[in-house]
Amino acid sequence: MASQDASNGPAEVVVFAGRVFSAERGPDAAPADSVAIRGGRIAAVGTRADLRARVGPRTEVVDLPDATVLPGFQDAHVHPPSSGLELLQCNLHDVHAVDDYVAVVRDYAAAHPDRPWVLGGGWSLDSFPGGIARRSLLDAVVPDRPAYLPNRDYHGAWVNSAALRAAGIDRDTPDPPDGRIERDSDGEPSGTLHEGAMDMVGRHAPRTTPAEWEAGLLTAQAHLHSLGITAWQDAWLRPENLDTYLALAADGRLTARVAGCLWWERDRGLEQVDDLVERRARGRAARLRCDTVKVMQDGVCENFSAAMLEPYLGAEGRDAPAAGISFVEAEALKAAVSRLDSVGFQVHFHAIGDRAVRECLDAVEAARSANGVRDARHHIAHIQLIHPDDVPRFAALDVVPNCQPYWACLDDQMRDLNVPFLGPERSRTQYPFRSLVAAGARLAMGSDWSVSTADPLAEIQVAMTRVPQDTPDREPFLPDERLDLATCLEAFTLGSAYVNRLDDVTGTLEPGKFADLAVVDRDLFELVPNEVGDARCLLTMVEGEVVYRAAV
């Protein structure tokens, strides 16, 4: 029997497929292969036989007998404005070897001689010995103007000598408290800036214009829609990006649903809460709301800035804190989260190290003690290392693990820049997705694009295999933490809709909810796990309107 709305009139669109995955909880979700849409909402879900009666003379029929219909994917942690902008600048994401990076920079600089700086980014730490990109490589191809190129995780930047001169950085320049200038043996800056040191150069670069931000966001939106993504949480909504979103929403060009994260400035205190409340009120428009505050609690393991309960191993000679950096002191974090929680904000934490994760959980616990329990939907993104004692605390505190599954494998970066400095025992606590589910946590998933691919199906393949997508012959990384397909699909649809506060109107294919859906080109449940990432999106709809259709 089809589930359907009260009226049985003709649908505007009927999608006949091979399978419907509704993400609907409970035993009442009957097998289905077709969806009817009316008035921008799901009108019925059922079999072909059920829904043929919904086809009228003006109904658009989409017949894809081998396809799977899903709720639209929702990315719970992504950076569309900057990621789209990178695609329009000196884009290093599509290559990996050092010589290829240098060639891309050389060609871009030659093609854009009028630009005062060479801007872009997307290089990988594991491409360079020790994760250190050298200024001499850039000097050889861009000697005449500054070059500033953040790496793909935005925790470091590669700069040339002209950029260092523009910022007045030399061997005598001290490190900032929240970052590090990588140095050669003679004390001269090597060309890599970590964390807070990035801004020492970045603030001197030309400001991105409103037109450039708009082009970047539209480019990103088109790319995300092409992957079946209908909604996302923008994990760092700069004030200028909020202006861009509002401009697109005002004239109907914002076709995705967006939850925006306002930024917690770690060099300010509780006085900024009033500013955030004002920006929240301003940041409301069609398909946009800004009810979340992003707190960056630590850095990343690769440059020893992720906050650890125990010191890193074998990092002697590196001018870095032995156990990483907590960007917000633990007691200050408790006060901040308690205050944000008291005025109704959701908090989206970045936490990579096990100490950072614990500090975030402690802060939520303090907020619940101060304010009482409410439907807060706080979530911690990345969660690379979680001490086993803290795994059950996610469910106990109603904190959602916001997983970036593409990293949960033994790729070169994990093998060369993580495991040696974490040690075997601590390495076994990385990305414990299945343990979190077993302990009762509700998962959400996101990509952190442009740090890694934005493709949810590629992310899901790694979550299921714990093997790098491009090197499937590698051994699985902590295979006991692999997830099944249904759990992954639910995390990337209903789970992320939950943290985006959209689960009442999206996230499942149920009558009455918005017709936000994706159609992929094969039956995902008939594939072996290492084939899931090969599936492609054919059609993406938001409120029944096509926002992406693959070329035939």
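## Overall build

What share of the 552 residues in the protein chain is buried? In this predicted model, buried residues make up 59% of the chain. Buried here means under 20% relative accessible area.

The protein chain holds 18 helices and 24 strands. A compact globule of 552 residues would have a radius of gyration near 24 Å, and the chain has 24 Å, so the two agree. Along the principal axes, the C-alpha trace spans about 80 × 55 × 50 Å.

## Contacts, surface and charge

How many of the contacts join residues at least 24 apart? The figure is 74%, taken among contacts between residues at least 6 apart in sequence.

The chain exposes about 21,100 Å². Carbon and sulfur atoms supply 51% of that area. The side chains include 54 positive and 84 negative ones. The centres of these two sets lie 3 Å apart.

## Helix 2

Helix 2 covers residues 80-88. Why is helix 2 described as largely enclosed by the rest of the structure? The reason is burial: 7 of its 9 residues are buried. They are Pro-80, Pro-81, Ser-82, Ser-83, Gly-84, Leu-85 and Glu-86.

What do these buried residues pack against? Their partners include both strands and helices. The strands are strand 8 (73-78), strand 9 (90-91), strand 10 (118-121) and strand 15 (229-234). The helices are helix 7 (210-226) and helix 8 (239-250).

## Strand 16 and its neighbours

Strand 16 runs over residues 257-263. Here 7 of the 7 residues are buried, so strand 16 is largely enclosed by the rest of the structure. Both of its faces are covered. One side carries Arg-257, Ala-259, Cys-261 and Trp-263. The other carries Val-258, Gly-260 and Leu-262.

Which way do the neighbouring strands run relative to strand 16, parallel or antiparallel? Strand 15 and strand 16 run parallel and are joined by 4 bridges. Strand 17 (residues 288-296) also pairs with strand 16 in the parallel sense, over 5 bridges. Ala-259 takes part in both pairings. Its bridge partner is Gln-233 in one and Arg-289 of strand 17 in the other. Strand 15 also appears among the elements that the buried residues of helix 2 pack against.

## Strand 22 and the five-stranded sheet

Strand 22 covers residues 517-520. Both of its faces are covered too. Leu-517 and Val-519 are buried on one side, and Ala-518 and Val-520 are buried on the other.

Strand 22 pairs with strand 7 (residues 68-71) in the antiparallel sense, over 4 bridges. In that pairing, Val-69 has Val-519 as its bridge partner. Strand 23 (residues 537-542) also runs antiparallel to strand 22, and 4 bridges join the two. There Leu-517 stands opposite Met-541 of strand 23.

In what order do the 5 strands of this open sheet lie? The order is 3-7-22-23-24, and the pairing is mixed. Strand 3 (19-20) and strand 24 (545-549) are the edge strands, each pairing on one side only.

Conventions. Residues numbered from 1 in each chain as written. Predicted model: local features only at pLDDT ≥ 70, side-chain atom pairs only at ≥ 80, totals over all residues. Heavy atoms only, no water. Buried < 20%, exposed > 50% of the residue type's maximum accessible area, 1.4 Å probe, protein only. Contact = heavy atoms within 4.5 Å. Rg over C-alpha atoms; globule rule 2.2 N^0.38 Å. Areas by Shrake-Rupley, 256 points an atom, 1.4 Å probe, with all protein chains shown as cover. Lys, Arg positive; Asp, Glu negative; His and termini not counted. Charge placed at Lys NZ, Arg CZ, Asp CG, Glu CD. Pairing = 2+ DSSP bridges.
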